[in-house]
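Visitor: Hello! Could you walk me through this structure and tell me how you know what you say?
Guide: Gladly; here it is.

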Amino acid sequence: MPGEAVTRPSQVLSDDTLLEMYRLMLLSRRLDERAWALHRQGRVQFHVSAMGHEATQVGAAFAINRGVDYVVPYYRDLAMAIALGCSALDFMLGLFARRDDPWSAGRQMPCHFSDRDRHIISGSSTVATQVPQAAGLAFAVRYRQRAGLVDPQDETQPRLALTSLGEGSTNQGEWHEGMNWAGVQCLPLVCLVENNRYAISVPQTEQMAIPSVATRAAGYGAQGESVDGNDVLAVYDAMHAAVQRAYRGEGPSLVEAHTYRLTPHTSDDDDRSYRSREEVAAAGEVEPLLRYRSVLLERGLLTPKMVDDLEAQARARVDEAQRAAEAAPEPAPQEADSPVLAPLPEGLA
Amino acid sequence: MADMTLIEAIRCALDEALAQDGRVFITGEDIGRRGGVFRATQGLYEKYGARRVMDSPLTEMGIVGVGIGAALADLRPVCEIQFADFIHPAFNQIVGEAARMYYRSAGGWRVPLVIRVPYGAVPGGGLYHCQSVEALFAHIPGLKIVVPSTPRDARRLLHGAILDPNPVLFLETKYGYRQIRGEVPERDAPLLPGPARIARSGVDLSLFAWGLMAHYAEVAAERAAREDGLDVEVVDLRTLHPLDRDSVLTSVSKTGKALVVHEDNRTMGFGAEIAALLVDEAFECLDGPVKRLAAPDVPAAPFNRGMFDFFLPGPDDILAAIRDLAAY
């Protein structure tokens with residue numbers, strides 16, 4: 001778009017970055033599909049899917065300082081975890097509950113991400129519990145800056161906490177209490193609400209009396225914005241504004257990304273009882289991966305050949321990760337006994 | 001040596017911890033300008049400022065949840081829950097989150113968090129300022145439970161709790177805050193959660209207690225010695241989880257008789273765990289039934305003073321229980 005003024009942060013993303021976002025969305029999608037297949041074959045116990053949410057998650061991840069800023073995700077954030085640097089093998093090791101599963105060594109259900117090096121906090125399955133914790137991480141960021149322990153401009157240090165959850169989870173007290181804390185203390189917290197219209201089976205209209213979760217931000221002195229969650233660049237733009245606001249010390253933001261879950265809630269769910277097939281099919285027409293592919297094809301960043309090549313690469317990575325994970329050792333059963341308590345530091349025990 | 005009340009020792013430890021480690025901060029309701037409703041943090045806001053001594057919004061789950069987040073980021077939060085009765089909204093953050101974090105991340109994330117909790121019956125407190133919650137939390141793997149009963153222990157155990165890389169519930173007998181006095185050395189090493197304290201050595205009977213009841217147990221044991229010639233060993237457990245099983249078993253192997261006293265109600269109270277441990281691992285040593293003296297199975301100590309006194313075990317009740325068991 002020569003001559004046009006830069007009005008959206010995504011306009012200055014490099015071609016490599018735009019393609020990387022596509023590659024990561026694609027990898028997450030193919031991993032996700034494989035997990036469903038493995039579950040249907042009886043080879044894994046459980047899967048919780050991110051399919052349909054990839055644009056929201058990848059767009060959000062790219063707006064923060066990936067691997068440095070704190071991220072407190074929820075179980076639907078596979079594409080976000082992948083975008084933060086977790087590998088296909090990491091996911092598969094968790095899916096197969098292997099000893100070397102880096103997130104929980106086979107203790108948690110799949111997609112309960114945890115990576116100390118990448119500043120991804122371990123989560124539970126109880127929704128919204130992570131929100132006050134994310135406020136605490138944001139508090140710690142600000143505490144260190146005010147104590148003079150870190151330079152607020154130092155990009156090697158965490159400068160915000162990003163947490164994410166579904167729209168239904170914003171009905172939990174923990175969400176409200178965490179957001180209020182972040183608001184009153186003006187903390188660098190960004191809350192990403194992945195609004196897929198259903199809390200398992202209950203539609204948003206039966207969960208809250210407002211059409212947009214973003215309006216809840218006002219109650220906490222936070223900035224609220226709604227965005228098309230199936231448009232990865234639109235999510236990036238909205239998140240970029242929220243992230244920069246946090247970096248500038250202007251307090252918390254809520255970004256509501258409207259998207260759709262293309263699969264049942266989990267492998268144990270059957271969504272036919274609460275969503276019409278027509279509705280699901282219609283969502284498939286506007287799903288984020290195909291949509292982003294069209295954008296990149298239109299811009300000439302992708303060619304049909306590249307699409308095929310990237311597809312083959314993604315499938316190869318999924319195959320390889322699955323093979324390696326299936327061949328990886330199980331934990332010894334008695335490893336279930338630990339580690340309950342962290343050992344005392346040297347010199348104290 | 002200084003003579004201190006229990007609450008003065010706690011305040012002293014908080015002051016020292018804030019001075020020693022820049023990562024330590026305190027948060028809770030009214031703990032700043034007000035100095036806490038019990039005055040445990042009195043003077044600390046003036047000394048360290050609002051960054052280190054921070055009033056929280058009214059949200060117990062927020063206090064604990066924010067504490068968890070700060071601990072994950074390697075700060076050393078010391079959170080105050082104003083009364084144990086108000087801890088229940090934070091139950092999920094403590095039980096589902098803080099206590100499970102290390103296990104669920106296979107050792108990836110730790111939560112060095114201290115939660116200070118005034119607990120137990122106090123005259124005039126009523127049903128919602130008198131609860132004892134130790135048994136609710138002692139059941140939970142991954143959480144340490146500390147209950148000091150002397151000023152010296154309160155100070156050094158609070159330091160130890162802050163050094164511990166795990167979440168620690170630090171229960172403070174609020175009725176004992178000004179009732180319990182004792183000598184506190186000028187310099188004292190931190191005491192990590194774990195070991196019990198033999199408060200009084202004896203051979204006739206083992207009396208297990210913690211918090212205010214440990215204080216009363218010592219009073220009752222002295223009277224039993226004086227009035228009945230009974231030599232009662234008082235074991236102040238100090239840490240309920242992890243329990244110092246060796247000290248419990250060693251004591252009963254010497255005395256053959258065990259009495260547990262707690263102000264929590266009887267059913268599924270922590271006394272049941274002691275009794276089970278003794279039956280399981282010291283059966284051959286027992287010369288009598290393992291007895292429990294506990295509050296009745298009602299929600300908490302009532303507001304009316306006569307009903308309150310009926311509810312709460314005191315030195316007289318403990319002495320009577322000692323005599324009964326000794327006569328068995």
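**Where chain B meets chain A**

Guide: Between them, chain B and chain A bury about 3800 Å², with 66% of that on carbon and sulfur atoms. Buried area is the accessible area (1.4 Å probe) that two parts lose on being put together, summed over both. B:Tyr103, B:Arg104 and B:Trp109 supply 20% of what chain B buries against chain A, more than any other three residues. This is a predicted model, in which local features need pLDDT of at least 70 and side-chain atom pairs count only at pLDDT 80 or more, while totals for chains, interfaces and linings use all residues. Residues are numbered from 1 along each chain as its sequence is written, and side-chain values use heavy atoms, without hydrogens and water.

Visitor: How many residues of chain B are in contact with chain A?
Guide: Contact means heavy atoms within 4.5 Å, and by that rule 46 residues of chain B are in contact with 45 residues of chain A.

Visitor: How many salt bridges does the rule find across the interface of chain B and chain A?
Guide: The rule asks for a side-chain nitrogen of Lys or Arg within 4 Å of a carboxyl oxygen of Asp or Glu, and it finds zero between chain B and chain A.

Visitor: What makes the span of helix 6 of chain A agree with expectation?
Guide: Helices are DSSP runs (H or I, at least four residues), numbered from the N terminus. The expected span is 1.5 Å times one less than the number of residues, so the twelve residues of helix 6 (residues 173-184) of chain A should span 16 Å, and the end C-alpha atoms are indeed 16 Å apart.

Visitor: Which residues of helix 6 of chain A are called buried?
Guide: Buried means under 20% relative accessible area (1.4 Å probe, protein chains only); among those that qualify in helix 6 of chain A are A:Trp175, A:Met179 and A:Trp181.

Technical notes. Chains are lettered from A and ligands numbered from 1 in the order in which they are written. Helices (H or I, at least four residues) and strands (E, at least two) are DSSP runs, numbered from the N terminus. Buried means under 20% relative accessible area, exposed over 50%, partly exposed in between (1.4 Å probe, protein chains only).
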